[in-house]
Amino acid sequence: MKITLWTACLLSSVAAYPSVQERQTEDHSWRAPSATDRRAPCPMLNTLANHGYLPRNGADISMDILVAGLKAGVNLGADATKLVGATALKGSTTGNASTFHLTDLNKHGLIEHDGSLSRADIFSGDNHSFNATIWASTASHFTSPTISLATAAKARKARLAAAQAANPQFNMSDGDKQASMIETALYLNVMSNETGVTAVTAWVQKLFTQERLPIEEGWKRPKGEIGVPTILGLVGLIGVAGI
Ligand code: HEM
């Protein structure tokens with residue numbers, strides 16, 4: 001009897017929550033989030049949720065779901081996803097320490113930091129929503145069809161300086177600065193035209209402003225898996241080119 005009840009519970013939970021495998025085979029067309037869907041300060045996690053590579057409601061994300069979603073959506077390796085995913089879980093408010101909601105990532109000082117390229121600082125009251133004015137100031141550096149590593153580094157440096165000038169409580173630890181460089185490295189690499197270091201401006205614009213994979217604009221999932229060594233290599237170059 002106990003086994004039957006347990007099996008029934010398991011089956012009903014399986015019906016309610018698609019497995020990692022099911023999620024990878026379901027429809028990946030872009031859909032805007034509903035008013036109750038949860039979203040993060042990360043344009044890529046939001047994009048993957050909008051395409052159903054992560055749960056569209058942005059809730060109850062386990063490490064397995066995160067790794068599978070990043071791999072299927074943009075070919076990010078498990079090593080890279082787990083590094084940042086482990087920190088994400090530390091902010092869990094789901095009631096289950098092995099899952100997190102995308103909104104849990106809004107917690108300042110966990111991964112979220114001042115000086116974002118497209119979000120305001122916590123000082124302003126909203127550290128997570130896409131901010132068109134801030135993004136316009138960052139994107140003003142992207143005057144060519146492609147974004148070189150040097151341009152991306154310059155845009156990041158200018159954005160940090162502007163945030164610092166505008167925010168009397170501006171604060172970025174060395175870890176925050178490293179995270180910010182990793183974020184620049186990630187968008188350059190994922191939105192690059194097979195070069196790995198030069199991004200396509202129109203694709204980067206779609207990622208930030210619509211939180212959509214720019215498939216209609218010609219973007220393709222990177223062929224090679226993006227791993228930690230690739231990202232850290234780019235971070236080193238961004239450090240040399242910028243801050
Ligand atoms: C290929 C995968 C990824 C890409 C391309 C990416 C891209 C980015 C970019 C460009 C930003 C900066 C946004 C801005 O400054 O306005 C960002 C921020 C962020 N990302 Fe991701 N990300 C990826 C994976 C992840 C993962 C796996 C996590 C955690 C589970 C994560 C969590 C965050 C968080 C919390 C922020 C906010 C940092 C801030 O305060 O600006 N990202 N991401």
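1. How many helices and strands are there in the protein? In this predicted model, the count is ten helices and four strands. Along the sequence, these elements are arranged in the order α-α-α-β-α-α-β-α-β-α-α-β-α-α.

2. The protein has 243 residues, and 45% of them count as buried. Its exposed area is about 11,800 Å², with 61% of that area supplied by carbon and sulfur atoms.

3. As to contacts within the chain, those with a separation of 6 or more were considered: residues 24 or more positions apart account for 60% of them.

4. The largest pocket deserves a separate point. Its volume is about 1,100 Å³, and 47 residues line it. Nearest the centre of this pocket lie Val84, Ile111, Ile182, Glu183 and Leu186.

5. Which elements give two or more residues to the lining of the largest pocket? They are α3 (43–50), α4 (63–74), α5 (78–90), α7 (149–166), α8 (174–190), α9 (201–209) and α10 (228–241). Of the lining, the largest share comes from α8, which supplies eleven residues.

6. With regard to the chemical character of the lining of the largest pocket, 29 residues are nonpolar, 13 are polar and five are charged. Glu183 is among the residues nearest the centre of the pocket, together with Val84, Ile111, Ile182 and Leu186.

7. In summary, the predicted model combines ten helices and four strands with a largest pocket of about 1,100 Å³, to whose lining α8 gives the largest share.

Note on methods. Residues numbered from 1 in each chain as written. Predicted model: local features only at pLDDT ≥ 70, side-chain atom pairs only at ≥ 80, totals over all residues. Heavy atoms only, no water. 1 Å grid on protein atoms, 1.4 Å probe; cavity = no way out; pocket = protein on both sides within 12 Å on 5 of 7 lines; lining within 4 Å. Points joined across faces, edges and corners; volume = space filled by probe spheres on them. Nonpolar A, V, L, I, M, F, W, Y, C, P; charged D, E, K, R; others polar. Buried < 20%, exposed > 50% of the residue type's maximum accessible area, 1.4 Å probe, protein only. Contact = heavy atoms within 4.5 Å. Areas by Shrake-Rupley, 256 points an atom, 1.4 Å probe, with all protein chains shown as cover.
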